[in-house]
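Here is a short tour for a structural biologist who would like to look at the sequence and the fold side by side. Please keep both in view while reading.

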Amino acid sequence: MAKIAENAGIYKTSKPLSQVYISAILAGLFISIAFVFYITAITGTASAPYGWAKFLGGVCFSLGLMLVIACGVDLFTSTILTSVAKASGKISLRQMVANWVHVYIGNFFGALFLVAIIWFAGQHTAANGQWGLNVLNTAQYKLHHSFTQAIFLGLMANLMVCLAVWMSYAGKSLMDKMFILILPIAMFVASGFEHSIANMFMIPMGIAIKNFAAPEFWLAIGISAEQFSDLTLTNFLLKNLLPVTIGNILGGLIVGLPFWFMYLRKDTIDKAPNNANVMPLEQKTNLTPPSSPKSKAA
């Protein structure tokens with residue numbers, strides 16, 4: 001699993017820039033689609049037990065990472081695991097950070113693209129406007145964390161995302177990989193942890209509804225737009241996206257670097273006893289070279 005993560009990091013940072021951006025835009029789109037599913041699933045569940053409603057939404061949101069893994073696209077939060085390849089000296093710090101930045105920007109474009117699609121589709125008016133109200137309440141809530149809270153909520157979110165991705169490396173089939181993603185993702189979503197790429201869709205969607213929804217929408221939900229006056233671009237960038245991104249980076253490093261230390265650090269391999277289960281990593285994990293299609297999919 002650690003060797004797969006290392007090879008994936010080498011592959012991700014060596015792709016042509018155009019491929020990186022197309023891949024990242026798709027990943028941002030996929031995660032945003034999952035948030036649409038989440039909002040739809042929990043709309044109208046106000047009378048349901050809190051935990052069950054959140055669990056349902058979390059399971060639905062796992063669709064996003066399923067699409068990312070199955071389609072082999074680049075998501076910023078899981079891309080933090082390229083730190084494993086950096087720790088092994090297989091890529092440079094510049095390569096790693098540049099890849100993070102390019103993927104982050106691409107994910108943002110993908111999320112905003114779906115905001116536009118959902119807006120023009122009029123999805124915010126579904127369920128007599130309750131779908132849009134759910135978005136507004138969720139987006140506004142995300143702006144009310146303290147800076148420190150947002151960092152640690154972001155840390156926990158990507159801790160679970162990267163653990164899900166790491167466990168998927170052990171899968172022998174597509175169904176193995178998809179199934180193992182469900183509970184870690186459902187856990188972070190149900191618990192209200194913060195994912196920077198998901199927020200690139202949710203909060204701009206709330207801002208769009210607040211600023212451009214027709215009077216009929218506000219009449220249907222019985223609330224005025226003034227109640228969501230804090231849904232602004234500045235608040236989104238500074239009160240949520242910045243601290244959550246910092247937390248997401250920390251959460252990914254907490255997963256990747258300890259596993260590198262345990263399994264890939266040169267001293268660890270050299271000092272392993274002869275009778276330990278330390279067969280060559282390519283044999284042990286059934287790996288193929290980074291240039292092969294199988295490794296690229298991983």
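## Annotated transmembrane regions

According to an unreviewed UniProt entry, the annotation "transmembrane region" covers residues 20-43, 55-76, 97-121, 147-166, 178-198 and 241-264. The model shown here is predicted, and two of these stretches can be compared with its secondary structure.

Residues 147-166 are 100% helix and 0% strand, with 28 Å between the C-alpha atoms at the two ends. For residues 241-264, the helix share is 96% and the strand share is 0%, and the end C-alpha atoms lie 33 Å apart.

## The first helix and A2

Let's turn to helix α1, which spans residues 2-14. This helix has 13 residues, and from first C-alpha to last it reaches 19 Å, close to the expected 18 Å. Is α1 enclosed or open to its surroundings? Of its 13 residues, 11 are buried, so α1 is largely enclosed by the rest of the structure. The buried set consists of A2, K3, I4, A5, E6, N7, A8, G9, Y11, K12 and T13.

A2 is a good residue to zoom in on. Its relative accessibility is 8%, under the 20% cut-off, so A2 counts as buried. Leaving aside residues up to four places away in sequence, A2 touches V84, W166, Y263 and L264. Two of these partners fall inside annotated stretches: W166 closes the region 147-166, and L264 closes the region 241-264. A2 can also be placed relative to L257: the two residues are 255 apart along the chain, yet their C-alpha atoms are separated by 10.0 Å.

## Helix α6 and the loop after it

Helix α6 runs over residues 93-121 and has 29 residues. From its first C-alpha to its last, α6 reaches 42 Å, close to the 42 Å expected at 1.5 Å a residue. Just after α6 comes G122, which has a positive phi near 70°.

The loop between α6 and α7 (130-142) holds A127, and N128 sits in that loop too. A127 has a phi near 55°, a positive value in a residue other than glycine. For N128, phi is likewise positive and near 55°, again in a residue other than glycine. How accessible is A127? With a relative accessible area of 48%, A127 is partly exposed. N128 reaches 56% relative accessibility and therefore counts as exposed.

## Q140 in helix α7

Beyond the loop, Q140 is found in helix α7. Is Q140 buried or exposed? Its relative accessible area is 15%, so Q140 is buried. Apart from residues up to four places away in sequence, Q140 has contacts with Q227, F228, D230 and L231.

## How α10 packs on α12

Finally, have a look at helix α10 (residues 196-212) and helix α12 (residues 233-263), whose axes are 10 Å apart and meet at an angle of about 170°. α10 and α12 are therefore roughly antiparallel to each other.

Which residues make the contact? From α10 come S196, N199, M200, I203, P204 and I207, and they meet L233, F236, N240, L241, V244, T245 and N248 of α12. The residues of this contact divide into 8 nonpolar and 5 polar, with no charged ones. An α-helix has 3.6 residues a turn, so residues three or four places apart point the same way. That spacing is worth keeping in mind when rotating the view.

How values were computed
Residues are numbered from 1 along each chain as its sequence is written. This is a predicted model: local features need pLDDT of at least 70, side-chain atom pairs count only at pLDDT 80 or more; totals for chains, interfaces and linings use all residues. Side-chain values use heavy atoms; hydrogens and water are left out. Helices (H or I, at least four residues) and strands (E, at least two) are DSSP runs, numbered from the N terminus. The expected span of a helix is 1.5 Å times one less than its number of residues. Axes are lines fitted to C-alpha atoms, for helices over the stretch in contact, and angles run from 0 to 180 degrees between N-to-C directions. Angles under 35 degrees count as roughly parallel, over 145 as roughly antiparallel, 65 to 115 as roughly perpendicular and the rest as oblique. Contact means heavy atoms within 4.5 Å. Ala, Val, Leu, Ile, Met, Phe, Trp, Tyr, Cys and Pro count as nonpolar, Asp, Glu, Lys and Arg as charged, and the others, Gly among them, as polar. Buried means under 20% relative accessible area, exposed over 50%, partly exposed in between (1.4 Å probe, protein chains only). UniProt positions are given in the numbering used here, feature names are shortened, and annotations may be inferred rather than shown by experiment.
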